[in-house]
Structures are given as C-alpha cells and as structure tokens.
Amino acid sequence: DLNKSSASLVVGVGSYMDPEGRAGLAHFLEHMLFLGTEKYPDEADYSNYLRTNGGYNNAYTSGDHTNYHFEISHQAFEGAIDRFSQFFTAPLFSAEFTEREMNAVDSEFEMNLQNDNWRGQQMFRTMVREDHPENHFSIGNLETLTGIERAEFMAFFDRYYSAELMALSLTSNASLDQLETWARRYFSVIRSGQQAEVTFTADL
C-alpha cells in the first residue's frame with residue numbers, strides 16, 4: 001500500500017567519537033560521503049537520480065550514531081539502492097569538495113546560533129561532566145575544521161564505517177524476498193572491521 005519506497009542506514013558512530021581537537025569531524029564526514037563514488041563519480045548523480053524519480057534524501061549526525069535515508073518512486077528503487085550503497089563501499093572523498101563542505105558545515109553552525117533549540121542543547125552540554133563526550137561542540141565550523149585533510153576523514157571512515165556497526169532498513173511494495181535479494185546484492189560487500197560497539201554511560 002506504500003506510494004514510495006525508502007531506505008535508511010544507520011552507523012553506530014557520531015559526534016561523540018570526534019577526535020581530540022577536531023570537533024565536528026563526524027558531521028563533516030556525513031557531508032563528504034555524498035560527493036561521488038567509484039561507480040558513480042559525478043557528485044550530483046545521486047541527487048539528480050532521486051529528484052528525477054520523485055525522491056528525497058537527507059542525513060543527520062547525532063552523538064552516538066549517524067543516519068542516512070532516502071525515499072523514491074517504486075520503479076526506481078533498485079537504482080537508488082545501488083547508488084546509496086556505494087557511499088558505504090567506495091566513496092571518493094574528493095579533495096576538491098573539502099573547502100566547499102567545510103563552508104556548508106559552517107553555514108549550519110551560523111544558522112544554529114539563532115536557533116533556541118540548538119542554543120539550549122549547547123548550554124546543556126556545558127553542564128555535562130567534563131569527562132563525558134556529550135560535553136563538547138558537536139556541529140563543527142571553520143575554526144574547528146580548518147586544515148582538515150583527506151587522510152583524517154578517511155581514517156575515521158575506515159575505523160567506524162564497518163558492517164558490524166551498521167543497520168539497514170528497506171521499505172517498499174516489493175516482496176520481502178526481493179528486498180532481501182537487494183540488501184545482499186548491494187550491501188554485503190561492506191567490509192567488516194571487527195570493530196567493537198562503542199557505548200557511553202548515561203551518567204552525565
């Protein structure tokens with residue numbers, strides 16, 4: 001009965017894992033992931049495919065996870081899954097887009113300065129005990145990201161973007177067997193780094 005197909009992939013890594021001195025790295029990586037893959041190198045291919053097939057996509061970085069999701073018309077679902085899966089198997093992380101995406105992250109930061117919800121969150125973080133990763137600046141801006149190099153976010157990707165820290169959800173009017181076939185075909189190649197799940201105490 002659905003009128004759109006959709007997919008969501010969550011990775012068990014977020015801003016809590018930002019390296020010391022590089023606030024906003026997890027958020028910045030989220031931005032860089034969408035900018036071309038080995039199979040689809042054009043940085044606009046994914047967004048153009050979704051747009052021409054009635055689709056939409058977005059992503060967000062939380063403290064302990066990052067979520068990527070899209071919706072699209074049924075007949076174009078497999079093509080979208082193919083393109084989507086490539087971000088987690090063969091992203092290009094083209095250096096030419098680094099500065100542009102740094103500015104995009106900084107624009108989010110500047111916009112959030114006038115948002116009471118974000119201001120409240122940051123106030124809360126300052127009251128969390130100092131040895132908890134919630135007590136830090138999570139969004140990132142030009143000050144925290146200036147000088148970042150491809151090797152930095154590649155290392156972050158290689159460490160945390162592995163199968164055992166991911167969960168995938170597919171919804172469609174296709175059969176469950178068909179959805180399983182697509183999941184295995186396009187996502188089983190995601191490497192497994194035997195990365196232990198990272199957990200954090202709720203004692204703030």
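This note walks through a predicted model, from its sheet to its helices, core and ring pairs.

1. **The sheet.** Start with the strands. Four of them form an open sheet, in the order S2-S3-S1-S4. The pairing is antiparallel. S2 and S4 are the edge strands, and each pairs on one side only. From one strand to the next, the twist averages 10°.

2. **The hairpin at one edge.** S2 covers residues 56–61 and S3 covers residues 66–72. The two run antiparallel and are joined by six bridges. Together they form a hairpin, with four residues between the strands. To find the register, look at Thr 61, which stands opposite Thr 66 in S3.

3. **S1 and its two partners.** S1 spans residues 5–11. Seven bridges pair S1 with S3 in the antiparallel sense. Two positions fix this register: Val 10 has Asn 67 of S3 as its bridge partner, and Ala 7 stands opposite Phe 70 in S3. S1 also pairs with S4 (residues 166–171), again antiparallel, over six bridges. There, the bridge partner of Ser 6 is Thr 171.

4. **Two faces of S1.** Which side chains of S1 are buried, and which are not? They alternate along the strand. Ser 5, Ala 7, Leu 9 and Val 11 point to one face and are buried. Ser 6, Ser 8 and Val 10 point to the other face and are not buried.

5. **Helix H3 on the sheet.** H3 (residues 77–86) packs on the sheet and touches S1, S3 and S4. Its direction makes about 155° with that of S3. H3 is mostly covered, with nine of its 10 residues buried. Among them are Phe 77, Phe 84 and Ser 85, and also Asp 82 and Arg 83. The buried residues of H3 pack against S1, S3 and S4, and against helices H2 (45–52) and H8 (176–187).

6. **Arg 83 and a ring.** Arg 83 is one of the buried residues of H3. Where does Arg 83 lie relative to Tyr 49? It lies over the face of the Tyr 49 ring, at 4.0 Å from the ring centre.

7. **Helix H1.** Nine of the nine residues of H1 are buried, so this helix is largely enclosed by the rest of the structure. The buried residues include Leu 25, Phe 28, Leu 29, Met 32 and Leu 33. His 27, Glu 30 and His 31 are buried as well. The cover over H1 includes S2, S3, H4, H6 and helix H7 (150–160).

8. **The core.** The largest nonpolar core has 47 residues. Within it, Tyr 68, Phe 70, Phe 77, Phe 84, Phe 88 and Tyr 161 touch the most other members. H1 (residues 25–33) gives the most to this core, with six residues. In soluble globular proteins, nonpolar side chains tend to be buried together.

9. **Phe 84 as a meeting point.** What does Phe 84 contact beyond its neighbours within four places in sequence? The list is Leu 9, Tyr 46, Tyr 68, His 69, Phe 70 and Phe 187.

10. **Aromatic pairs.** The count comes to 20 aromatic pairs. One of them joins Phe 70 and Phe 84: it is edge-to-face, 5.1 Å centre to centre, with 65° between the planes. This pair links distant parts of the chain, since Phe 70 is in strand S3 and Phe 84 in helix H3, 14 residues apart. Both residues are buried.

11. **A second ring pair.** The ring centres of Phe 109 and Phe 137 are 5.4 Å apart and their planes are at 75°, so this pair is edge-to-face too. Edge-to-face here needs planes over 60 degrees apart. Phe 109 lies in H4 (residues 98–112), and Phe 137 in the loop between H5 (116–127) and H6 (142–145), so the pair ties together parts that are 28 residues apart in sequence. Phe 109 counts as buried because its relative accessibility is 16%, and the cut-off is under 20%.

12. **Ser 138 in the loop.** Is Ser 138 buried or exposed? Ser 138 counts as buried, at 8% relative accessibility. It is found in the loop between H5 and H6. Leaving out residues up to four places away in sequence, Ser 138 touches Ser 15, Asp 18, Gly 24, His 27 and Arg 125. One of these, His 27, is among the buried residues of H1.

Definitions and conventions. Residues are numbered from 1 along each chain as its sequence is written. This is a predicted model: local features need pLDDT of at least 70, side-chain atom pairs count only at pLDDT 80 or more; totals for chains, interfaces and linings use all residues. Side-chain values use heavy atoms; hydrogens and water are left out. A nonpolar core is a set of buried Ala, Val, Leu, Ile, Met, Phe, Trp, Tyr and Cys residues joined through side-chain atoms within 4.5 Å. Buried means under 20% relative accessible area, exposed over 50%, partly exposed in between (1.4 Å probe, protein chains only). Contact means heavy atoms within 4.5 Å. Two strands pair if DSSP finds at least two bridges between them. Rings of Phe, Tyr and Trp (its six-membered ring) pair if their centres lie within 6.5 Å; planes under 30 degrees apart count as stacked, over 60 as edge-to-face and the rest as tilted. A charge sits over a ring if NZ of Lys or CZ of Arg is within 6 Å of the ring centre and within 35 degrees of the ring normal. Axes are lines fitted to C-alpha atoms, for helices over the stretch in contact, and angles run from 0 to 180 degrees between N-to-C directions.
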